[in-house]
Every structure is written in C-alpha cells, then in structure tokens.
Amino acid sequence: RPGYTIRFAEINDTWRDGSKDKSIGAVPWHIGCLMAMGEYVSFLGDDDELLPEHVTRHVEALHSHDFTVSQILFRAHGDDVMLIGAAFVVGHLDATGIMCRREALRVANWHANGENAADFRLVADWRARGLKGAILHGPVTGIHNDGWLTGQTGI
C-alpha cells in the first residue's frame, strides 16, 4: 500500500542451543519486536499465510484493545486439521493470530525458555499485567502450515 514501509530481517540459527527448541519462534519474533517501528505488530512464520482481512480486522479491534487474537486454521500435508484461536488457553493460540500495539511489547515480550507455547506465554504475560485483549471471533484470518503436525522440524 502507498505510504507503508515493510522491513524484513533475516537471522541465522546461532541462537538455537537445545533449551530453546520447543519455543523455537520466540527468538526470531523477539528480535523482530525489538526492530518494530510501526504502531501495530503482527507475527508470521516463514511457511504460514495471512488472509486478506487479517490486518484490517485486528487494527479495527486494536483501537480499543492492547492486543488481539484471531482464529487460525492449522493445515498439514494440504489437509485442514484444526481451528484454534477462540480462547486464551494453552494450545489454542497461534503466533500467526496475534497482533498487538507496539507498547504491549514493552510490558511483555517473547521468551525462549523451553516452553512449547511461547505464544500462550506472551498473551498470558500481557493479561497478567492488565493489558486488554480481544478474541476476534468469526472467519479465519490466517493459515498455519506447520511442520510439527507432520513430524517436520524448523520454522
């Protein structure tokens, strides 16, 4: 879109030390958050997709909330496997469905502490510190084409 700037940064795997493997996306997303310059921040894995209304729906809700979570479709081997993002519950959130105001990242940010739910940890930390979140019910806003469902590794 005219008037918008998109920046990309690529990091290598030197941060991987065995203790962070379960929370594998946390380090790249944390680095991205440190570099974020816009008012709103969203997260996307290298093999995942945001659907056309993702940003619009989130930004509309972010006018009155600190962070938002939308429903994401998990797909493995080309098959739709499950839908998540309808509750603030471990295993029911995905980084692809999270968007926040940049200020929320000053309250809590991604942690690569070995937990296998770094996305849930981020949202739980925001909620514990009193940030206002919203779940965007309705149509799916993204697709997570994920290796852990198929036994593949990596991000």
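## Two mixed sheets in a predicted chain

Strands β2 and β8 run antiparallel and are joined by two bridges, with β8 spanning residues 142–145. The model is predicted. The chain holds four helices and eight strands. From the N terminus, their order is α-β-β-α-β-β-β-β-α-α-β-β.

**The chain as a whole**

- The chain has 155 residues, and 41% of them count as buried.
- Among contacts with a separation of 6 or more, 73% come from residues 24 or more positions apart.
- About 8,800 Å² of the chain is exposed. Carbon and sulfur atoms supply 53% of that area.

**The sheet with β2 and β8**

- β2 and β8 belong to an open sheet of four strands, ordered β2-β8-β4-β5. Its pairing is mixed.
- β2 (49–50) and β5 (79–84) stand at the edges. Each has a single partner strand, so one side of each is left without a neighbour in the sheet.
- At residue level, Leu 50 has Gly 142 in β8 as its bridge partner.

**The sheet with β1 and β6**

- Another open sheet of four strands has the order β1-β6-β3-β7, again with mixed pairing.
- Here β1 and β7 are the edge strands. Each pairs with a single strand, so one side of each lacks a neighbour in the sheet.
- From one strand to the next, the twist averages 20°.
- Three bridges pair β1 with β6 in the antiparallel sense.
- Val 41 stands opposite Cys 100, a residue of β6.

**Cysteines**

- The structure holds zero disulfides.
- Cys 33 is in no disulfide. The nearest cysteine sulfur belongs to Cys 100 and is 6.3 Å away.
- Why does Cys 100 not bond to Cys 33? The two sulfurs are 6.3 Å apart, and that is too far for a bond. A disulfide needs the sulfur atoms within 2.5 Å.
- Cys 33 counts as buried, at 8% relative accessibility.
- Cys 100 is buried too, with a relative accessible area of 0%.

**Helix α2 and its cover**

- Which residues of helix α2 (residues 54–62) are buried? They are His 54, Arg 57, His 58, Val 59, Ala 61 and Leu 62.
- An α-helix has 3.6 residues a turn, so residues three or four places apart point the same way.
- Strands help to cover the buried residues of α2. Among them are β1 (40–42), β2, β3 (67–70), β6 (98–101) and β7 (133–136).
- That cover includes β2, an edge strand of the β2-β8-β4-β5 sheet. It also includes β1, β3, β6 and β7, the strands that make up the other sheet.

**Aromatic pairs**

- The count comes to three aromatic pairs.
- In one of them, the ring centres of Phe 43 and Trp 110 are 5.1 Å apart. Their planes lie at 75°, so the pair is edge-to-face.
- This pair links distant parts of the chain, 67 residues apart. Phe 43 sits in the loop between β1 and β2. Trp 110 sits in the loop between α3 (104–107) and α4 (118–128).
- Are Phe 43 and Trp 110 buried or exposed? Both are buried.
- Phe 67, Phe 88 and Trp 126 form one aromatic cluster.

Notes. Residues numbered from 1 in each chain as written. Predicted model: local features only at pLDDT ≥ 70, side-chain atom pairs only at ≥ 80, totals over all residues. Heavy atoms only, no water. Buried < 20%, exposed > 50% of the residue type's maximum accessible area, 1.4 Å probe, protein only. Contact = heavy atoms within 4.5 Å. Areas by Shrake-Rupley, 256 points an atom, 1.4 Å probe, with all protein chains shown as cover. Pairing = 2+ DSSP bridges. Phe/Tyr/Trp six-rings, centres within 6.5 Å; stacked < 30°, edge-to-face > 60°. Axes fitted to C-alpha atoms, helices over the stretch in contact; angles between N-to-C directions.
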